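Subject: Structure handover

Hello,

Here is the structure I promised to pass on. Please open it first, then read my notes below.

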Amino acid sequence: MLDRREVAELVSQLVSIESVNPTLVPGGAGEAEVGRFVADWLERHGLETEYEEVEPGRANVVGRVRGSGRGRTLLLNAHLDTVGLGGPDGGTTPRVDGDRLYGRGSYDMKSGLAAIMLAAARARDLRLAGDVVVTAVSDEEDRSLGSERIAATVQADAALVTEPTGMRLAIAHRGFLWLELETQGVAAHGSRYDLGVDAIARMGHVLVALEKLDAELRADEPGHPLLGYASLHASLIEGGTELSTYPDRCVLKIERRTLPGETVEAVEAQIRAAAPEAEVRTLFVREPLETPRDAEIVERLLANTQPLLGHAPEVVGVPYWTDAALFSAAGIPSVVFGVGGEGAHAEPEWVDLGDVERVAEIVLATIADFCK
Ligand SMILES: [Zn+2]
């Protein structure tokens, strides 16, 4: 059994090492220092440990409890980076008040990281057939460079990402595409309506068409049982040079949230059909997540959560994207399960220390079951 002091101490140590994502917040410390701490800790607890920088200062740590062979491998994943620091309770000085531990990263997600470290350290005593692989990664809050590398290099039979879900088991979330649309005009002096073509006015038609498309997406009954609907919104717009000139181009960036089963090609075709006057380019794609309810990892987690919580956890879809989709896209059935608390990307940020203990126990029981 874990003790509360050990849990609180590890979460505190992790929170007190600043690891703000430097591409999200210029000047952020990155993951090197916290990565070294995690690597040392895992090594001291008997795991085969590798520390790697996917970019300078951007650490990935992989710790492995090697099984005796022929068992299934479980990948555990948590991110090392945080969003920017806030005031006292969104900073790097952890504060414990009753069951709560306050500080940046306490909830999202150094507590989830602590839970998988503690569970993996104890898994050494289980004499498993399969491997347990703890992955502590960089850059989840921005481009997910860390988990991209893990998904390309680590083999596993299932993955568990311990992002905070309030003790609910998330098996699905939407993906997204970022797209850029461009309309052309003809530059001319503002007095020359005979020559000028207004690219911004053309984009106006595109915006109206996209608003209509979004309404249609969200009227597409019955929707996904866990995720609701696909959606899109305009994010950034740029065009024009000065007041007395017809703009020759306007560029709009949009985000389209996708449901499981939607392909990039189909989404691009849909946008092109809605906005024929614009040139459409895809900038960035993240896949959705949908793991079947009868996947082994889902069933094992449900079975092992029931005795600890006294009830089965709610099986849900979550609104946000997670690194679990990267493992899923690599063919690894993946789920998200983690603590309760508050303050992801906000302040104050706190975690329920009782939940950290419970998540660690549930992860350990699931390891025992899945990797035996
Ligand atoms: Zn997170």
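What follows is a short tour of what was found.

**Overall**

Please keep in mind that this is a predicted model. The protein chain has 372 residues, and 53% of them count as buried. Its secondary structure comes to 9 helices and 19 strands. The C-alpha atoms fill a box of roughly 80 × 40 × 35 Å along the principal axes. For a feel of distances, take alanine 303 and glycine 103. They are 200 residues apart in sequence and 32 Å apart in space, C-alpha to C-alpha. Alanine 303 sits in helix α7, residues 296-309. With a relative accessible area of 46%, alanine 303 is partly exposed.

**The zinc site**

Which residues hold the zinc ion as protein donors? They are His79 through NE2, Asp108 through OD, and Glu163, which is listed with OE twice. These donors lie 1.9 to 2.6 Å from the ion. Along the chain they follow the spacing H-x28-D-x54-E. Aspartate 108 belongs to helix α3, while glutamate 163 is in the loop between β7 (158-161) and β8 (169-173), so the pair ties together parts that are 55 residues apart in sequence. The geometry of the site is irregular, with angles of 53 to 149° among the 4 donor atoms.

Are aspartate 108 and glutamate 163 buried or exposed? Buried means under 20% relative accessible area. Aspartate 108 has 8%, so it is buried. Glutamate 163 has 7%, so it is buried too.

**The largest pocket**

About 510 Å³ of space lies in the largest pocket. It is lined by 20 residues; the closest to its centre are Glu140, Glu141, Tyr320, Trp321 and His345. Four elements give two or more residues to this lining: α3 (106-123), β9 (175-184), β13 (249-258) and β14 (279-286). By class, the lining has 9 nonpolar, 3 polar and 8 charged residues.

Where does the largest pocket lie with respect to the domains? Domain 1 (4-173 + 289-370) and domain 2 (175-286) both give residues to the lining, so the pocket lies between them.

**The second largest pocket**

This one has a volume of about 200 Å³. Its lining includes Glu48, Glu50, Glu52, Arg64, Arg66 and Arg149. Asn60, Val62, Ile150, Thr153 and Val154 line it as well. Strands β1 (48-55) and β2 (58-65) and helix α4 (145-153) each give two or more residues. The class count is 3 nonpolar, 2 polar and 6 charged.

**Backbone points to check**

Two peptide bonds are worth a look on screen.

- Aspartate 108 and methionine 109 are joined by a cis peptide bond, with omega about -10°. Methionine 109 is in helix α3. Aspartate 108 is also one of the zinc donors.
- The bond from glutamate 221 to proline 222 is cis, and omega is near 5°. Proline 222 is in the loop between α5 (199-217) and β11 (231-239).

Then there are positive phi values in residues other than glycine.

- Arginine 127 has phi near 50°. Its place is the loop between α3 and β6 (132-137). Arginine 127 is exposed, at a relative accessible area of 80%.
- Histidine 345 has phi near 60°. It is found in the loop between β18 (341-342) and β19 (350-352). Histidine 345 is also among the residues closest to the centre of the largest pocket.

Best wishes

Technical notes
Residues are numbered from 1 along each chain as its sequence is written. This is a predicted model: local features need pLDDT of at least 70, side-chain atom pairs count only at pLDDT 80 or more; totals for chains, interfaces and linings use all residues. Side-chain values use heavy atoms; hydrogens and water are left out. On a 1 Å grid over the protein atoms alone, a cavity is a set of points where a 1.4 Å probe fits but cannot get out, and a pocket is an open set with protein on both sides within 12 Å along at least five of seven lines; lining residues have an atom within 4 Å of a point. Grid points are joined across faces, edges and corners, and a volume is the space filled by probe spheres set on the points. Ala, Val, Leu, Ile, Met, Phe, Trp, Tyr, Cys and Pro count as nonpolar, Asp, Glu, Lys and Arg as charged, and the others, Gly among them, as polar. Domain bounds come from an automatic or database domain assignment. Donors are N, O and S atoms within 2.8 Å of the metal (3.2 Å for Na, K and Ca); water is not among the atoms, so sites may look incomplete. Four donors count as tetrahedral if all angles lie between 85 and 135 degrees; four count as square planar and six as octahedral if opposite donors are over 155 degrees apart and all others between 65 and 115; anything else is irregular. Buried means under 20% relative accessible area, exposed over 50%, partly exposed in between (1.4 Å probe, protein chains only).
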